[in-house]
Each structure stands twice: as structure tokens, then as C-alpha cells.
Amino acid sequence: MNADKKVAFYTLGCKLNFSETSTIARNFVNEGFNRVEFEEKADVYVINTCSVTDNADKRFKSVVKSALKQNEEAFVIGVGCYAQLKPEELANVDGVDLVLGATEKFNVTSYINDLTKNDIGEVHSCEIEEADFYVGSYSIGDRTRAFLKVQDGCDYKCTYCTIPLARGISRSDTLENVLKNAKEISEKGIKEIVLTGVNIGDYGKGEFGNKKHEHTFLELVQALDKVEGIHRLRISSIEPNLLKDETIDFVSKSNTFVPHFHIPLQSGSDTLLKKMKRRYMRKIYTNRVTKIKEVMPNACIGVDVIVGFPGETDELFLETYNYLSEMNISYLHVFTYSERPNTEAVEMDGVVPKNIRAKRSKMLRGLSVKKRRAFYESQINNTLTVLFESENKEGYIHGFTENYVKVKTPWNPELVNTLHKVTLTKIDEDGIVRFEFC
């Protein structure tokens, strides 16, 4: 029935969403749909939503508009976190035909009987308590790296976050299935796998659909290190309280895990960390960074930080700024706090005016530029391995070293998806590093 039907996908948000979109797309292809680019005319458009910031809500509307511009008769489906949190709101957006929550999104093809547009979006969403089973997925973003989902959901109760409401309890893929997916990826000739999840350090929880643990994150890392055919493994984001010394030590000696960690801090003030209900104090964070740099002096360390959380005074913001300024880290991802319904933080006093949030965000982004520059400078004259990407960007091919230094050289299609030893020579005016082949 679907032989000549076309489907296109758009993903908002995180790497985990990208891996899930790929899995949903494979289901459509198995049902006989042809997958096309989002900019092309399609019969069905699937938009995988995010709810982390206000902006994601607005983006959804504009993505729906651009889909309908390609084909005003297209059947438009919203899935993902925002679809779980506010299904009715999505269903009311002009042109949306179907909205699927957390448990339904992987069965999307079974909800499509015919592709006649609905007057108002039809909603199928579960109570989030029902999202207790695990669907494994991986995505192949480009030809060089893949995002492999190992865990979903979160049991933490951070006061600013809606993810537990959108994705349910913490649960994990079985080790056997993760290894099977990793093998499938390596057989496609992809050189790098990025491990992803909502709270990947919690890996193991819910392997049996309950809280029973058979495996830990360290055991996952050890098992993946043995999979043949994978050249590089990268841990995406991991909570400081769950990144154990044993894991850091293992990565430092591993054949395939690269010296790159992304560790959310959120605030450099213990006062705010408590208000956020984070599960660590600043001292733990300092210990993690010190330990990583001790055993891997050239490791790249990325940091998530939130500005403008309720109660963040100038003094507390400066505490974060100065802390990060002194820390041996490589770059920042800065998030401006935005009020999310049904979170504890919404009720808190000490609301920070929007213009001050923006100013603080700008200051930390400036600090991030300096940190990245200093990190790149520390790597000049080092010999590292680069994995080249597949895009021709204005006559250049880009790539990343194992410790996440971005490099470029004049375009050469033969370099795509290959690994090469290089010596870093200088930083170009655009901030990207030049090198010589060894």
C-alpha cells in the first residue's frame, strides 16, 4: 500500500532524539515507505519534539509550517518529549494530524490507517507511568559516527527539569542488545559510536523492567571496548556523581574509548545545586575534573551550566563564573533557565529578570570561547588521530581528533570517514585547527 508513499523526518533536541528518529524511520521503510529529505515533498512528515526550552515549543510550529509549504495535504505527526508533556497543545497546531506520546512513538506506523488529513490532531498518549519498557535505537547521523542509545528516562528529581515527566523512569537496554547494535553499526563501516541516553551513568537500572541491576555503566564500557570493528567510542553526557574513578581509569587505558567527557555542572554554587536538587556538591565535580586530567592530561572536558535559576544573585553567578574560569575545562554548553510547568522551580522566589539571564549567558559563552581557544592552544604540536567527516564546507573537509579538537584541510573526498595521524600546527582565524599529516 505504501510503495510510492514518501516520509520525511525532522528532529528537535538531543542526540537521543536523533537515535530514536532513525529507529522510527527504519520502521517506516520496513512498511514500504520511501524516506526523503525534510525539504522535499512527502506524504507524511514526522517531527520528533523536545521540551527542554521554550524555544523548542515555538520551533515545532515553524517546522509544521515548512512541512505544509512542501505539501499542504501532507499528514503531519508530532512525537517525542513535548508530545508527551503537552499533547493537546501540539494537536491544536494547524495542520497537525496525529500526536503520539512516549510509548506510542515506536509504533507510529500502526496508527496510520489512511493519510487523510484530520480536522484536529488525534492524540494517543499514555500516562507516563506506563513508559516503563525499553526500546533500543541507534542513528547514523552522517557516514562517520552513530549515536547509540543505551538508556532512557530518569529517576532524578531536579527542580528545573521535565524530562522525567516526558520520558518516565530510568530504564536500560540489555547488555546483549547494546552489543548487537554496536556490532551492526561497525559492520556498516562507521568508525565512531557516541553512547547516548537521558542519564547514561545510571545504566543497568531497569534491564528487567524493574530496578534490578545486572550490569553497571563500567561493565557496559568494558564490554563495548571488546567489540571488533569499532575504532572509537565516545561517552556523551554523564552525571558527575555517576562518573566513577574506575570508569575514568578504564577509559584512560582503553583501546577505543576516547579522552573526551561531557559532565553537567549546572551551577558552581553549592547553594544553587541544593535548590536544583542535584545529587552532588561542587567538591565532587572538582574531584572528577582533577582525576581525569591526572590520568589523561590531554582530555577534553565539556560542561553544561544553567544561568538565571531562581535565587541566582550576582554573587552566586560570579561564584559559578569564577569557578569555571579557574577549572581546567575545555568548553561550556550554556543554558538560560526557562520556566517549565509542573516543576518545583516554577514556584520558587528570586526570579531572575530575563535581561539579566541574557547578560549572564553572554558572559559564560564568552568564557567558553576563551576556554576552547586555550585548550586548542595546549594541543598544538601534539600528534593525534583525526576522523574526517563527509561534508564539503566551502572547499574544506573537517574532522575531530580523539580529544575533540576540530580541524580542517582542503577538501579531498578520499579522506571521508578515514582516520589519520596528524600533528596540529596552528589555529586558523576561524578558530579551527590546521595540521600536517604524519
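A disulfide is a covalent bond between the sulfur atoms of two cysteines. In the predicted model described here, the number of disulfides is zero. The chain folds into twelve helices and 20 strands. Its radius of gyration is 22 Å, close to the 22 Å that the globule rule gives for 438 residues, so the chain is as compact as a globular protein of that length.

**Overall form**

- Taken along the principal axes, the box filled by the C-alpha atoms of the chain is roughly 60 × 55 × 45 Å.
- Of the 438 residues in the chain, 55% are buried.
- Contacts often link distant parts of the sequence: among those between residues at least 6 apart, 73% join residues at least 24 apart.

**Cysteines**

- The cysteine sulfur closest to that of C158 belongs to C161, and the distance of 6.1 Å is too far for a bond. For a disulfide, the two sulfur atoms would have to be within 2.5 Å.
- C158 has a relative accessible area of 12% and is therefore buried, since the limit for that class is under 20%.
- C438 has a relative accessibility of 62% and therefore counts as exposed, a class that begins over 50%.

**A four-stranded sheet**

- Four strands form an open sheet in the order β7-β8-β11-β12, and their pairing is mixed.
- The edges are occupied by β7 (residues 138–140) and β12 (residues 232–235); each has a single partner strand, so one side of each is left without a neighbour in the sheet.
- From one strand to the next, the twist averages 20 degrees.
- Strand β11, which covers residues 192–196, runs parallel to β12 and is joined to β12 by four bridges. I193 has L233 in β12 as its bridge partner.
- Helix α1 (residues 15–30) packs on this sheet and touches β7, β8 (residues 145–149) and β11. The direction of helix α1 makes about 90 degrees with that of β7.

**Residue N177**

- N177 is part of helix α6, which spans residues 175–187.
- With a relative accessibility of 22%, N177 counts as partly exposed, because this value falls between the 20% limit for buried residues and the 50% limit for exposed ones.
- The side chain of N177 makes a polar contact of 3.0 Å with the side chain of D173.
- N177 and H231 are 54 residues apart along the chain, and 19 Å separates their C-alpha atoms.

Key:
Residues numbered from 1 in each chain as written. Predicted model: local features only at pLDDT ≥ 70, side-chain atom pairs only at ≥ 80, totals over all residues. Heavy atoms only, no water. Pairing = 2+ DSSP bridges. Helix = DSSP H or I, 4+ residues; strand = E, 2+ residues; numbered from the N terminus. Axes fitted to C-alpha atoms, helices over the stretch in contact; angles between N-to-C directions. Contact = heavy atoms within 4.5 Å. Buried < 20%, exposed > 50% of the residue type's maximum accessible area, 1.4 Å probe, protein only. Polar contact = N/O pair within 3.5 Å; in protein donor to acceptor, adjacent residues only side chain to side chain. Rg over C-alpha atoms; globule rule 2.2 N^0.38 Å.
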